[in-house]
Amino acid sequence: MTQPRLSVVIPMYNEEAVLPLLVARLRPVLDGLGRGYEVVAVDDGSRDDTASLVTLMAAKWPQLRLVRLRRNSGHQAALTAGLHRSRGDYVVTIDADLQDPPEVIAEMLDLAESQGLDIVYGVRGDRASDTAFKRGTAGLYYRLMRRIVGKKMPFGAGDFRLLSRAMVDALRALPEQAPVYRLLVPWLGFPSGEVTYVREKRAAGASKYPLGKMIKLTVDSVISFTAAPLRLAIWLGAVGALACLIAAVRVLWAYSTGAVVPGWTSLSLVVLFLGACQLICLGLLGEYIGRIYQGIQGRPAYFIGSDSLADAEPDEPDFADEPVRQRRGRDAGATRARAGRSG
């Protein structure tokens with residue numbers, strides 16, 4: 001099969017309600033590009049009929065592929081699977097809920113081709129469809145992430161973006177166990193541009209990003225990208241030492257003037273404060289040690305159950321899902337074996 005110009009990666013989890021609406025809007029846009037394309041639908045262990053519907057739709061839409069994960073591995077893992085399985089010169093990642101309009105894809109591709117860009121961000125110009133709470137928490141998230149990554153990360157850019165093949169290859173080369181692409185993509189520093197659009201309401205179904213997953217994304221973003229939280233222990237220790245010094249001065253002053261020194265309340269507050277600081281520091285250390293432990297285990301973030309394109313390609317060993325460390329070792333072994341045969 002010829003390599004397509006564009007791949008569209010769509011992670012899906014229980015999206016059977018929105019699938020017909022998605023295809024009705026996405027296919028005319030892609031057919032009108034005048035370029036070869038493929039659509040990689042990644043079923044992230046859905047419990048409904050998402051995979052069956054995609055299979056039925058693929059019978060009438062040859063460019064539609066279905067990649068099924070063996071279990072629910074999470075949104076970022078599904079994105080990783082889609083990026084690794086994509087074949088296009090450019091790759092667009094978009095959610096299935098139609099909050100990000102597919103019509104913007106044509107503008108993204110034109111901008112990347114005309115200006116030679118490796119990244120084109122879809123930047124949300126208006127979040128009026130979100131609740132006030134979600135807008136507020138999203139604003140805090142982006143401000144925090146821009147402090148970590150820098151201003152290279154556009155404010156309001158989510159997972160709706162276009163990447164060149166060089167950019168995708170660079171992401172694949174990173175030994176990340178739990179990649180957060182909102183940070184990794186701008187961190188690499190490739191030439192980028194922006195396309196502004198109006199965020200729409202979810203077309204059908206329920207949101208797959210409740211508060212718990214938003215908190216997890218924030219924790220993953222911070223912990224996997226910077227060691228700055230560990231420095232919190234230093235600042236807490238400094239604050240605790242300063243508080244103890246102030247308390248000691250007050251106690252000595254009260255003792256020298258013969259005043260009665262209240263003891264139980266101040267002692268209890270100091271003990272509680274220091275105990276809370278210690279627990280926070282232990283929690284942060286535990287989180288980082290847990291990430292190190294997961295990295296040593298080397299377990300892949302996902303396992304491919306099936307790929308509808310596999311039947312059309314020659315059979316070959318599939319190492320796409322093995323840990324990076326093992327893959328590098330295998331490649332090095334193959335190189336040594338070839339060198340031995342040539343010698």
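This passage describes the overall make-up of a predicted model, then helix α1, the nonpolar cores and the surroundings of Ile105.

The model is predicted, so that local features need pLDDT of at least 70 and side-chain atom pairs count only at pLDDT 80 or more, while totals for chains, interfaces and linings use all residues. Residues are numbered from 1 along each chain as its sequence is written, and side-chain values use heavy atoms, with hydrogens and water left out.

The protein chain has 11 helices and eight strands, where helices (H or I, at least four residues) and strands (E, at least two) are DSSP runs numbered from the N terminus. Of the 343 residues in the chain, 42% are buried, a term that stands for under 20% relative accessible area, with exposed meaning over 50% and partly exposed in between (1.4 Å probe, protein chains only). Among contacts (heavy atoms within 4.5 Å) between residues at least 6 apart in sequence, 81% join residues at least 24 apart.

Helix α1 comprises the 13 residues 19-31, and its end C-alpha atoms lie 18 Å apart, in agreement with the span of 18 Å expected at 1.5 Å a residue, which is calculated as 1.5 Å times one less than the number of residues. The buried residues of this helix are Leu19, Leu22, Val23, Leu26, Val29 and Leu30. They are on the same side of α1, because they cover an arc of only 145° around the axis, the arc being that of the directions from the helix axis to the C-beta atoms. The exposed residues Ala24 and Pro28 are carried on the face turned away from this buried side, whereas the cover of the buried residues includes β1 (6-12), β2 (37-43), α2 (50-60) and α4.

The largest nonpolar core contains 38 residues, of which Leu6, Ile10, Leu30, Val39 and Leu162 touch the most other members; such a core is a set of buried Ala, Val, Leu, Ile, Met, Phe, Trp, Tyr and Cys residues joined through side-chain atoms within 4.5 Å. Its largest share, six residues, comes from α4. A second, separate core of 25 residues includes Val40, Tyr121, Val123 and Val185.

Beyond neighbours within four places in sequence, Leu30 is in contact with Leu6, Val8, Tyr37, Val39, Trp61 and Ile105. Ile105 itself belongs to helix α4 (residues 104-115) and is buried, with a relative accessible area of 0%. Residues up to four places away in sequence aside, Ile105 touches Leu6, Val8, Leu26, Leu30, Val92 and Phe160. Although Val92 is 13 residues from Ile105 along the chain, their C-alpha atoms are separated by 7.5 Å.
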